[in-house]
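Here is a short tour for the bench. Keep the sequence and the 3D view side by side as you read.

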Amino acid sequence: PTGMGIPVGKLALYTACGGVPPDGCLPITLDVGTNNVEYLEGPEHRYLGLRQKRVTGLEYHQFVAEFVEAVKELYPGVLLQWEDFGNTTAFEHLETFREQLASFNDDIQGTAAVTLSGIYNSLRATGKQLADLTILFKGAGEAGVGIGRLIVSALMAEGVPEDVARRQLWFVDSTGLVESTRENLAHHKVYFAHEHRPLTSFLDVLEELKPDVII
């Protein structure tokens, strides 16, 4: 269990389905340790990664920045795909490095592109416009928020002001409706925290908002 199967599998799809030459693909895993006690204390053949607690904070961010600098130096013009990073770092990495080299986060952007395509196709059947929709998300992780941000961009491209576009999208997480009175919201959720009375039940949110789309 080293995580390498995920980048290998994604690149295999690019080659098999997209025709990307395999010699232009390089799977990489950034090993910063593990907090899994079973892996730390188990036999060596069960876990091939670093046998140490996960590196966090400044040391972690410096390590990632050093990695990006090395990639830029070794592979000019490369596309760097960020895969399976957690909510606490995925958005930060994308925002920090997207202006330094071509960057793509499949969980945030890839899922968003496919979902927005599905919504556009549904409009052909319903006869509605994207600007007509109230959209509710069950979950407010990196995939959901990534979809939401792309939908906002699509609405703005159609002439909808950003603040109006954001208000068409609502999120429910494990605590309830993401709204502006909530304390200690994760940074990536704040953008979609609208003014509304607190609601903890998904069914109550459905009844209140009556969304056209549930994601």
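The report below goes through a pocket, a surface patch, some salt bridges and a small sheet.

## The largest pocket

Please bear in mind that this is a predicted model. A good place to begin is the largest pocket, which holds about 1400 Å³ of space. Its lining is made of 49 residues, and I28, T29, L30, E83 and F85 are the ones nearest the centre.

Which elements supply at least two residues each to this lining? They include helix α1, helix α3 (57-74), strand β1 (79-82) and helix α4 (87-97). Helix α3 gives the most, with eight residues.

## I28 and a nonpolar patch

I28 deserves a second look, since this residue is among those nearest the centre of the largest pocket and also takes part in a surface patch. You will find I28 in the loop between α1 (5-18) and α2 (37-41). With a relative accessible area of 39%, I28 is partly exposed.

The patch itself is nonpolar and covers about 400 Å². I28 shares it with L26, L74 and Y75. Why can I28 be counted in a patch? Patch residues need over 30% relative accessible area, and I28 reaches 39%, so I28 passes that cut-off.

## Salt bridges

The model has 10 salt bridges. One of them involves E83, another residue from the list nearest the pocket centre: its side chain meets that of K10, at 2.8 Å from N to O. The two partners come from distant parts of the chain, with E83 in the loop between β1 and α4 and K10 in helix α1, 73 residues apart. Is E83 buried or exposed? E83 counts as buried, at 15% relative accessibility, while K10 is partly exposed at 22%.

A second bridge stays within one helix. E69 and K72 are joined with their closest N and O atoms 3.2 Å apart. Both residues belong to helix α3, three residues apart, which is about one turn of the helix. E69 is partly exposed, with a relative accessible area of 43%, and K72 is partly exposed as well, at 29%.

A third pair is R197 and E208, whose closest N and O atoms are 2.9 Å apart. R197 sits in the loop between α8 (187-190) and α9 (202-209), whereas E208 is in helix α9, so this bridge ties together parts that are 11 residues apart in sequence. E208 is partly exposed, with a relative accessible area of 36%. Salt bridges can also share partners, and in this way K10, E83 and D106 are joined into one network.

## A three-stranded sheet

Now turn to an open sheet of three strands, in the order β4-β3-β5 and with parallel pairing. β4 and β5 (213-214) are at the edges with a single partner strand each, so one side of each has no neighbour in the sheet. Strand β3 (residues 135-138) runs parallel to β4, and four bridges join them. Within this pairing, F137 has F171 in β4 as its bridge partner.

How are the two faces of β4 (residues 169-172) arranged? In a regular strand, side chains alternate between the two faces of the sheet. In β4, L169 and F171 lie on one side and W170 and V172 on the other. These four residues are all buried, and both faces of the strand are covered.

Terms used
Residues numbered from 1 in each chain as written. Predicted model: local features only at pLDDT ≥ 70, side-chain atom pairs only at ≥ 80, totals over all residues. Heavy atoms only, no water. Patch = residues over 30% accessible without salt bridge, like charges linked within 9 Å, V, L, I, M, F, W, Y side chains within 5 Å. Areas by Shrake-Rupley, 256 points an atom, 1.4 Å probe, with all protein chains shown as cover. Salt bridge = Lys/Arg side-chain N within 4 Å of Asp/Glu carboxyl O. Buried < 20%, exposed > 50% of the residue type's maximum accessible area, 1.4 Å probe, protein only. Pairing = 2+ DSSP bridges. 1 Å grid on protein atoms, 1.4 Å probe; cavity = no way out; pocket = protein on both sides within 12 Å on 5 of 7 lines; lining within 4 Å. Points joined across faces, edges and corners; volume = space filled by probe spheres on them.
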